Amino acid sequence: MRTALYPGSFDPLTNGHLDVIERAVRLFDRVIVAVAHNDAKVPLFSVDERMALVRDALPPGSGRIEVASFGGLLVEFAREQGASAVIRGLRAISDFEFEFQMALMNRKLEPAVETLFLMPREEYIYVSSRIVKEIARLGGDVSAFLPPAVAVALHKKLERDRR
Ligand code: PNS
């Protein structure tokens with residue numbers, strides 16, 4: 001059984017992430033969406049909220065997709081889960097430098113885990129959680145970029161933060 005890990009902050013999940021998940025599950029028997037406890041970033045949503053939003057957005061019958069969270073090293077978690085691959089979405093050349101560095105460092109740490117880059121549909125190439133949050137904060141419409149439940153949750157969260 002081939003397992004892939006799809007790690008990220010997912011703060012929050014976008015349609016671009018979902019697109020990558022759908023592509024990954026066509027290639028692997030089991031895909032684990034791994035939500036990072038990322039100390040370097042202050043997230044808008046808690047890990048539990050981010051995991052719940054991913055779960056809610058998965059299409060029915062996604063039995064081969066699991067949602068988990070991890071702290072610590074990505075390659076350690078990959079090893080624990082028996083994952084042979086790490087999936088990362090690659091949107092633009094600007095992503096490349098960081099992704100390249102991370103892939104090679106992870107390979108150095110754990111040669112048995114391969115990093116695979118998947119490109120989302122063109123319409124999601126410019127979508128990122130960061131930019132979507134910024135647009136939403138400034139009152140823009142982000143519904144085209146997010147699963148409906150995520151758009152609602154983001155709206156509520158920003159409303160609460162404004163009070
Ligand atoms: O969605 P993001 O924020 O681009 O995801 C980055 C993430 C969480 C995948 C990356 O920061 C990570 O793997 N963190 C875990 C700690 C780790 O293993 N760091 C070394 C990577 S070379």
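This report walks through the ligand site of a predicted model and then visits several residues elsewhere in the chain.

## The ligand and its surroundings

Let's start with the ligand, which sits in the largest pocket. Around the ligand there are 14 residues, and those that come nearest are Gly8, Ser9, Lys41, Leu74 and Arg88. Sorted by class, this shell holds 7 nonpolar, 5 polar and 2 charged residues.

Which elements of secondary structure supply at least two residues each to the shell? They are strand 1, spanning 3-8, and helix 4, spanning 93-109. Helix 4 gives the largest share, with 3 residues.

Oxygen atoms of the ligand have polar partners on serine 9, leucine 74 and arginine 88. The table sets these contacts side by side.

| Residue | Protein atom | Distance to a ligand oxygen atom |
|---|---|---|
| Serine 9 | polar side-chain atom | 2.6 Å |
| Leucine 74 | backbone N or O atom | 2.8 Å |
| Arginine 88 | side-chain N or O atom | 2.9 Å |

On its own, the ligand has 550 Å² of accessible area, and the protein covers 76% of that.

## The loop between strand 1 and helix 1

Two backbone features are worth a look here. Phenylalanine 10 lies in the loop between strand 1 and helix 1, and proline 12 has its place in that loop too. Although phenylalanine 10 is not a glycine, its phi is positive, at about 50°. The peptide bond that runs from aspartate 11 to proline 12 is cis, with omega near 0°. As background, most residues other than glycine have a negative phi, and most peptide bonds are trans.

Is phenylalanine 10 buried or exposed? Its relative accessible area is 2%, so phenylalanine 10 is buried.

## Two serines in loops

Now for a pair of serines with contacts to backbone atoms. Serine 62 is placed in the loop that joins helix 2 (47-57) to strand 3 (65-70). With a relative accessible area of 17%, serine 62 falls under the 20% cut-off and is therefore buried. A polar atom of the serine 62 side chain lies 2.3 Å from the backbone oxygen of proline 59.

Serine 128 is found in the loop between strand 5 (114-118) and helix 5 (129-137). Its relative accessibility is 15%, so serine 128 also counts as buried. Here the partner is a backbone nitrogen: that of isoleucine 131, lying 3.1 Å from a polar atom of the serine 128 side chain.

## Pairs far apart in sequence

Two helical residues make handy markers for parts of the chain that are separated in sequence. Histidine 17 belongs to helix 1, which covers residues 15-27. Tyrosine 124 is 107 residues away from histidine 17 along the chain, yet their C-alpha atoms are separated by 8.9 Å. Histidine 17 counts as buried because its relative accessibility is 17%.

Aspartate 56 is in helix 2. What is the C-alpha to C-alpha distance between aspartate 56 and proline 147? The two are 9.1 Å apart in space, with their positions 91 residues apart in sequence. Aspartate 56 has 57% relative accessibility; exposed means over 50%, so this residue counts as exposed.

Notes. Residues are numbered from 1 along each chain as its sequence is written. This is a predicted model: local features need pLDDT of at least 70, side-chain atom pairs count only at pLDDT 80 or more; totals for chains, interfaces and linings use all residues. Side-chain values use heavy atoms; hydrogens and water are left out. A residue is near a molecule or strand if one of its heavy atoms lies within 4 Å of it. A polar contact is a pair of N or O atoms within 3.5 Å; within protein, one must be able to donate a hydrogen and the other to accept it, and residues adjacent in sequence count only if both atoms are side-chain atoms. Accessible areas come from the Shrake-Rupley method with a 1.4 Å probe; for residues, only the protein chains shown count as cover. On a 1 Å grid over the protein atoms alone, a cavity is a set of points where a 1.4 Å probe fits but cannot get out, and a pocket is an open set with protein on both sides within 12 Å along at least five of seven lines; lining residues have an atom within 4 Å of a point. A molecule sits in a cavity or pocket if more than half of its atoms lie within 2 Å of its grid points. Helices (H or I, at least four residues) and strands (E, at least two) are DSSP runs, numbered from the N terminus. Ala, Val, Leu, Ile, Met, Phe, Trp, Tyr, Cys and Pro count as nonpolar, Asp, Glu, Lys and Arg as charged, and the others, Gly among them, as polar. Buried means under 20% relative accessible area, exposed over 50%, partly exposed in between (1.4 Å probe, protein chains only).
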